[in-house]
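Hi,

Here is the structure I promised to pass on. Have a look at it first, and my notes follow underneath.

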Amino acid sequence: MIFTAIDTFYLTDEDLLNSPSRKDGVDEEAETTLRIYGCDLILESGILLKLPQAVMASGQVLFHRFYCKKSFAHFDVKRVAASCVWLASKLEDSPRKARQVLIVFHRMECRRENLPVEHLELFSKKYSELKMDLIRTERHLLKEMGFICHVEHPHKFISIYLATLATPAGLRQEAWNLANDSLRTTLCVRFKSEVVACGVVYAAARRFQVPLPENPPWWKAFDAEKSGLDEVCRVLAHLYSRPKANYIPICRDAVSFTSSNKTWDSQSQPIPKEGSVSTPSENNDAVVPRTASAAANAESAGSKETRAKQALER
């Protein structure tokens with residue numbers, strides 16, 4: 001069962017093993033790869049949009065929460081990543097226009113797929129479809145969250161914990177980097193932010209070989225357990241051992257940001273109703289009576305001129 005409240009959204013290990021994607025036949029490796037790939041898209045787009053770090057962090061948390069309730073087989077990872085960036089920018093008071101988000105994701109896909117960079121026409125049918133899909137996916141996000149989008153990050157606890165433990169200054173940056181990387185995993189939906197903060201502090205201290213008090217254990221003062229710290233370190237170590245995540249086309253309704261404008265427009269043009277457009281044979285038939293009437297008018301005009309001349313001669 002997934003518990004949702006103002007500042008909690010957590011899964012049990014059983015929920016993680018029986019995710020909606022797993023029920024649709026997506027294996028654990030593919031789901032993990034797509035989660036990392038989606039977070040990479042959010043990070044890259046956030047940099048291109050010049051968004052604060054808080055926006056990218058919130059977008060990644062929303063991304064993981066959404067796929068705890070929906071399957072990768074039904075919602076394309078690129079579509080959801082774009083909507084998460086757009087929604088998070090508004091939640092963190094750094095809003096970006098839909099046009100800016102779509103242009104950035106269009107350019108990112110061109111680079112990732114090694115395609116020539118084409119300008120996204122803002123008045124094309126393709127752009128209208130992408131914008132409507134962005135809005136529609138944002139509504140799905142809000143619906144699945146129950147309109148509860150509060151996100152609490154571990155970053156704000158790191159500085160407090162390190163100041164309390166009186167650690168060296170260099171340890172703070174390392175712990176901060178580990179906290180950023182933890183958002184690419186499911187730690188944000190498995191543990192509270194305090195536990196993740198303790199885990200990254202513990203991992204950073206071990207990397208820099210900085211001793212921390214263990215008698216009594218320092219993590220007890222921050223409402224954490226040793227098992228939680230070990231799990232955070234294990235997940236981060238597994239993340240660093242993985243290769244670069246690539247896109248896996250498993251969604252039935254995948255959305256491409258790089259489709260040709262002409263192709264998209266031709267596919268989206270409405271089919272004319274029967275009889276609304278004349279066929280070539282009908283047009284030719286329509287021309288015949290017009291030509292005949294014009295000839296008749298010319299003959300009648302000529303006869304009138306002849307009569308007038310004859311009257312004048314008389």
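How many helices and strands make up the secondary structure of the chain? The count comes to 13 helices and 2 strands. Before you read on, keep in mind that this is a predicted model.

**The chain overall**

There are 314 residues in the chain, and 45% of them are buried. The accessible surface adds up to about 17600 Å², with carbon and sulfur atoms accounting for 54% of that. I also looked at contacts between residues at least 6 apart in sequence: 79% of these join residues at least 24 apart.

**Helices around α7**

I'd start with α7, which spans residues 125–145. Helix α5 (residues 77–91) packs against α7 at an angle of about 75 degrees, and the two axes are 9 Å apart. The pair is therefore roughly perpendicular. If you want to click through the contact, the α5 side consists of Arg79, Val80, Ala82, Ser83, Cys84, Trp86, Leu87 and Lys90. On the α7 side they meet Asp133, Leu134, Ile135, Thr137, Glu138, Leu141 and Leu142. Sorted by class, the residues of this α5–α7 contact are 9 nonpolar, 2 polar and 4 charged.

Helix α6 (residues 98–112) also packs with α7: their axes come within 10 Å and cross at roughly 110 degrees. That angle makes α6 roughly perpendicular to α7 as well. From α6, the residues involved are Ala98, Arg99, Leu102 and His106. Their partners in α7 are Lys126, Tyr127, Leu130, Lys131 and Leu134. Here the split is 5 nonpolar, 1 polar and 3 charged. Leu134 is worth picking out, since it appears in the α7 list for α5 and again in the list for α6.

**α9 and α11**

Further along the chain, helix α9 (residues 170–182) packs with helix α11 (residues 226–241). Their axes are 10 Å apart, at an angle of about 75 degrees, so these helices are roughly perpendicular to each other. Leu178, Asp181 and Ser182 in α9 meet Leu236, Leu239 and Tyr240 in α11. By class that gives 4 nonpolar, 1 polar and 1 charged residues.

**Aromatic rings**

The structure has 10 aromatic pairs. One of them is Tyr67 with Phe72: the ring centres are 3.7 Å apart and the planes sit at 10 degrees, so this pair is stacked. Both Tyr67 and Phe72 are buried. Another pair, Trp218 with Phe222, is edge-to-face, with 6.2 Å from centre to centre and 65 degrees between the planes. Trp218 counts as buried at 4% relative accessibility, and Phe222 is buried too, at 12% relative accessible area.

Which residues do ring pairs link into a cluster? They are Phe63, Phe66, Tyr67, Phe72 and Phe75, so the stacked pair of Tyr67 and Phe72 belongs to that group.

**A proline to look at**

Last one: Pro52 lies in the loop between α3 (28–48) and α4 (53–69). Is Pro52 buried or partly exposed? With a relative accessible area of 37%, Pro52 is partly exposed. Pro52 is also 37 residues away from Ser89 in sequence, while their C-alpha atoms are 8.8 Å apart in space.

Cheers

Notes: Residues numbered from 1 in each chain as written. Predicted model: local features only at pLDDT ≥ 70, side-chain atom pairs only at ≥ 80, totals over all residues. Heavy atoms only, no water. Axes fitted to C-alpha atoms, helices over the stretch in contact; angles between N-to-C directions. Helix = DSSP H or I, 4+ residues; strand = E, 2+ residues; numbered from the N terminus. Parallel < 35°, antiparallel > 145°, perpendicular 65-115°, else oblique. Contact = heavy atoms within 4.5 Å. Nonpolar A, V, L, I, M, F, W, Y, C, P; charged D, E, K, R; others polar. Buried < 20%, exposed > 50% of the residue type's maximum accessible area, 1.4 Å probe, protein only. Areas by Shrake-Rupley, 256 points an atom, 1.4 Å probe, with all protein chains shown as cover. Phe/Tyr/Trp six-rings, centres within 6.5 Å; stacked < 30°, edge-to-face > 60°.
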